[in-house]
Amino acid sequence: MDERVAGAETEGHSQRPTGDAAWVLVVEDDDGLRESLQDSLEQEGYAVAAVENGQRALDYLTSAAVAPKVILLDLMMPVLDGWDLLDRLPINEKGGPAIPVVVMTASYRPFLKARSKAIPVHIVYKPFQWN
């Protein structure tokens, strides 16, 4: 699990976001993509925590002092996949995730759109370019 957070380096790792810090949680099992997203977001000034599966994300969220402003979420991962993580996130008054979620997936299956309508999320299809 990579817990770097921009501007808080200590012993090669960053501290967890605290207080009112706005931060992004990246949940992606592909090491290269996860690190690339984290580095790019940090270069843009965002505090970032990055984990490799849904279970680590759930553990991280339960212990975080403050919720992230957004979760970038892969769907196909070992241990706990993105759909299962979405099912376990707190919900808001509209029935969607209390934390905004951007799903990142290479899957173009029709069920994806149908399921995402039931759980309001934004979808970004892989591969994508970071500009």
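Helices and strands are taken here as DSSP runs, with at least four residues for a helix and at least two for a strand, numbered from the N terminus.

**Figure 1. The whole chain, from the N terminus on.** Welcome to a predicted model. Its elements follow one another as β-β-β-α-β-α-β-α-β-α-β, which comes to 4 helices and 7 strands. The chain has 131 residues, and 45% of them count as buried. Take contacts between residues at least 6 apart in sequence: 63% of these join residues at least 24 apart.

**Figure 2. An open sheet of 5 strands.** Reading across the sheet, the order is β4-β3-β5-β6-β7, and the pairing is parallel. The edges belong to β4 and β7 (122-125); each has a single partner strand, so one side of each is left without a neighbour in the sheet. On average, and ignoring direction, neighbouring strands of this sheet are turned by 20° against each other. As a reminder, strands of a sheet pair through backbone hydrogen bonds, in either a parallel or an antiparallel way.

**Figure 3. Strand β3 and its partners.** On one side, β3 is joined to β4 by 5 bridges, with the two strands running parallel. Val27 is a handy residue to look for here: its bridge partner in β4 is Val51. Turn next to β5, which runs parallel to β3 and is joined to it by 4 bridges. Val27 also appears in this pairing, with Leu73 as its bridge partner in β5.

**Figure 4. Strand β5, a mostly covered strand.** How many of the residues of β5 are buried? The count is 5 of 5. Val70, Leu72 and Asp74 point one way from the strand, Ile71 and Leu73 point the other way, and all are buried. β5 also pairs with β6 in the parallel sense, over 4 bridges. In that pairing, Leu72 has Val102 of β6 as its bridge partner.

**Figure 5. Helix α1 and its buried face.** Helix α1 covers residues 31-43, 13 residues in total, and reaches 18 Å from its first C-alpha to its last, close to the 18 Å expected at 1.5 Å a residue. Which residues of α1 are buried? They are Arg34, Leu37, Gln38, Ser40 and Leu41. Looking down the axis of α1, you will find these buried residues within an arc of 165°, so they line one face of the helix. Their cover includes the strands β3 (23-27), β4 (47-51), β5 (70-74) and β6 (101-105).

**Figure 6. The two ends of α1.** At the N-terminal end, Asp30 acts as the cap of α1, with a side-chain oxygen 3.1 Å from the backbone nitrogen of Gly32. Beyond the other end, α1 is followed by Gly45, whose phi is positive, near 100°.

**Figure 7. Two helices packed on the sheet.** The pairing of β3 with β4, through 5 bridges, is a good starting point for this view. Helix α1 packs on the sheet and touches β3, β4, β5 and β6, and its direction makes about 175° with that of β4. Helix α2 (residues 54-63) packs on the sheet as well, touching β3, β4 and β5. The direction of α2 makes about 155° with that of β3.

**Figure 8. Glu52, in the loop between β4 and α2.** Glu52 sits in the loop that links β4 and α2. Is Glu52 buried or exposed? Its relative accessibility is 19%, and because the limit for buried is under 20%, Glu52 counts as buried. The side chain of Glu52 makes a polar contact, at 2.8 Å, with the side chain of Arg56.

**Figure 9. Val79 and its positive phi.** Val79 is found between β5 and α3, in the loop. What is the phi of Val79 near? The value is near 70°, positive in a residue other than glycine. For context, most residues other than glycine have a negative phi. With a relative accessible area of 68%, Val79 is exposed.

**Figure 10. Leu86 in helix α3.** Our last stop is Leu86, a residue of helix α3 (residues 82-88). Leu86 counts as buried, at 5% relative accessibility. Leu75 is 11 residues away from Leu86 along the chain, and the C-alpha atoms of the two are separated by 9.5 Å.

Methods
Residues numbered from 1 in each chain as written. Predicted model: local features only at pLDDT ≥ 70, side-chain atom pairs only at ≥ 80, totals over all residues. Heavy atoms only, no water. Buried < 20%, exposed > 50% of the residue type's maximum accessible area, 1.4 Å probe, protein only. Expected span 1.5 Å × (residues − 1). Arc of directions from axis to C-beta. Contact = heavy atoms within 4.5 Å. Polar contact = N/O pair within 3.5 Å; in protein donor to acceptor, adjacent residues only side chain to side chain. Pairing = 2+ DSSP bridges. Axes fitted to C-alpha atoms, helices over the stretch in contact; angles between N-to-C directions.
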